[in-house]
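Q: Take this structure and test its labels one by one. For each, ask what value stands behind the word.

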Amino acid sequence: MENLNTKIEEIIILGIETSCDETSVAVVKNGKYLLSNIIASQMEFHQKYGGVVPEIASRKHMEFIMITCKEALNKAGLKINDIDAITVVSGPGLKGSLLVGLSFAKAIAFALAKPLIGVNHIEGHIYANFLNQHNIKAPFISLIVSGGHTSLILVNRVGEYEVIGRTRDDAAGEVFDKIAKYLGYHYPGGPIIEKLAETGKSDAIDFPRPLLNSKDFDFSFSGLKTSVIYFIMKERDNGNQVHINDVCASFQKAIIDILKYKTFAAARYYNISTILLGGGVAANEKLRREFIENKPNENYKICYPPKELCTDNAAMVASAGYFKMKQGITDSYNLEVFTK
Ligand code: KG4
Ligand code: ZN
């Protein structure tokens, strides 16, 4: 017989992410159970320009947002009235793109008279981990590595974030993208470099590992990027055949070494043994494997989301919003977007 004293709370969140070039809407139950996660990519519209064109991005979000939302609800088997709260990325990102998502979120929240919760895009990447790991407890350190960010974030409790390290120049994903572009490949460069690296020798070229001995937890990748590009240029100028697979494998090893070294150093300094990876670069198989294989000791818990939840998506936004809501954090209709 059902125990009437046990009330199982069920909170259904609609997540919306439009910070860059992907229109995504997701439905998540209790911050952990993914009911749907629809992503409408705009990649084909930007590729010929060699990067994301902000004006095109916001227009495409306008075109895609309604249909993406309907599809997310359909896939979850729910109606809009079943939604308990709306969470949306309010920044950082492209202003016009963010405004489409935020205005859409405000309209739904207003029409349904349900809470509105603004989520930082990076916060979303952290909480992507909660969608497949159900027993993560703060405190933890999160390494967010994407096309726009490389940050180490100390999380003592939900909603309290301390950035303890960040890149001083390029983001890790940006370097993958720029090297791939130099080699003549299109965006996103990360998966392409990873594929090329599979058949290369990671000890073929000794690329630099900048800031490894700095006393802080900051990163710097632009020197590494320059030395990879100069190496290829010089070899070609000298008429030597460049073994691109070896270059990719050696570069990838250098960047993973830096990320591992700084993250584990921060973990030791703050005496924290739970590490959450997130962001597009965390989809890199070699990076995932090396963090597990090289963790300082068996007490360390290394978490990462499934690959499809490492890159931008709305499910991570719904999850982050749920945990904020549980802490009583909601926003008013004055919520604004921010770009940085
Ligand atoms: O998180 P994300 O989708 O967007 C941003 O917030 O920037 O990350 C995109 C970045 C791109 O730079 C892309 O090249 C990189 O993540 N990326 C990868 C891999 N998959 C995506 N980098 C390395 N290896 C991968 N497998
Ligand atoms: Zn992202």
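Q: What makes β7 and β8 a hairpin, and which residue in the turn has a positive phi?
A: This is a predicted model. In it, 2 residues lie between β7 and β8. Gly-159 sits in that turn, with a positive phi of about 90 degrees.

Q: How do you know that strand β7 and strand β8 pair?
A: Pairing needs at least two bridges. Strand β7 (residues 150–157) and strand β8 (residues 160–166) have 6 bridges, in the antiparallel sense. They therefore count as paired. Arg-157 stands opposite Glu-160 in β8.

Q: Why are His-121, His-125 and Asp-312 called donors of the zinc ion (ligand 2)?
A: A donor atom must be N, O or S and lie within 2.8 Å of the metal. His-121 and His-125 each offer NE2, and Asp-312 offers OD. These atoms lie 2.0 to 2.1 Å from the zinc ion, so they qualify. Water is not among the atoms, so the site may look incomplete.

Q: What is the spacing of the donor residues in sequence?
A: The pattern is H-x3-H-x186-D. His-121 lies in helix α4 (residues 121–127), while Asp-312 lies in the loop between β10 (301–303) and α10 (315–326). The pair therefore ties together parts that are 191 residues apart in sequence. Both His-121 and Asp-312 are buried.

Q: How do you know how far to trust the chain, and which residues have pLDDT below 50?
A: The protein chain averages a pLDDT of 94, and 98% of the residues score at least 70. Over residues 1–6 the pLDDT is below 50. That stretch has 0 contacts in the model beyond near neighbours in sequence. Where pLDDT is low, the predicted coordinates should not be read in detail.

Q: What are the bounds of domain 1 and domain 2?
A: The domain assignment gives 2–132 + 310–326 for domain 1 and 138–304 for domain 2. Their C-alpha centres lie 27 Å apart. The contact takes 16 residues from domain 1 and 23 residues from domain 2.

Q: How much area do domain 1 and domain 2 bury between them?
A: About 1500 Å², with 69% of it on carbon and sulfur atoms. Ile-126, Asn-129 and Cys-310 supply 36% of the area that domain 1 buries against domain 2. No other three residues supply more.

Q: Why is Ser-90 called buried?
A: The cut-off for buried is under 20% relative accessible area. Ser-90 has 5%, so the label holds. Ser-90 is found in strand β4 (residues 85–91). Beyond residues up to four places away in sequence, Ser-90 touches Leu-98, Gly-118, Val-119, Leu-335, Glu-336, Val-337 and Phe-338.

Q: Why is Tyr-33 called partly exposed?
A: Buried means under 20%, exposed over 50%, and partly exposed in between. Tyr-33 has a relative accessible area of 40%, so Tyr-33 is partly exposed. Tyr-33 lies in strand β3 (residues 33–41). With residues up to four places away left out, Tyr-33 touches Val-27, Val-28 and His-134.

Q: Asn-30 and Asn-271: buried or exposed?
A: Asn-30 has 16% relative accessibility, under the 20% cut-off, so Asn-30 counts as buried. Asn-271 has 71%, over the 50% cut-off, so Asn-271 is exposed. Asn-30 lies in the loop between β2 (22–29) and β3. Asn-271 is in the loop between α8 (244–270) and β9 (274–278). Neither is a glycine, yet phi is positive at about 50 degrees in Asn-30 and near 55 degrees in Asn-271.

Q: Which peptide bond to Pro-139 is cis, and what is its omega?
A: The bond joining Ala-138 and Pro-139 is cis, with omega about 5 degrees. Pro-139 is found in the loop between α4 and β6 (140–145). The bond from Tyr-187 to Pro-188 is also cis, with omega near -5 degrees. Pro-188 is found in the loop between α5 (172–182) and α6 (189–197).

Q: Which residues of α5 are buried, and what covers them?
A: The buried residues are Ala-172, Gly-173, Val-175, Phe-176, Asp-177, Ile-179 and Ala-180. The cover includes β6, β7, α6, α7 (222–237) and α8. Gly-184 follows α5, with a positive phi near 95 degrees.

Key
Residues are numbered from 1 along each chain as its sequence is written. Chains are lettered from A and ligands numbered from 1 in the order in which they are written. This is a predicted model: local features need pLDDT of at least 70, side-chain atom pairs count only at pLDDT 80 or more; totals for chains, interfaces and linings use all residues. Side-chain values use heavy atoms; hydrogens and water are left out. Helices (H or I, at least four residues) and strands (E, at least two) are DSSP runs, numbered from the N terminus. Donors are N, O and S atoms within 2.8 Å of the metal (3.2 Å for Na, K and Ca); water is not among the atoms, so sites may look incomplete. Buried means under 20% relative accessible area, exposed over 50%, partly exposed in between (1.4 Å probe, protein chains only). pLDDT is the predictor's confidence in each residue, from 0 to 100. Contact means heavy atoms within 4.5 Å. Domain bounds come from an automatic or database domain assignment. Buried area is the accessible area (1.4 Å probe) that two parts lose on being put together, summed over both.
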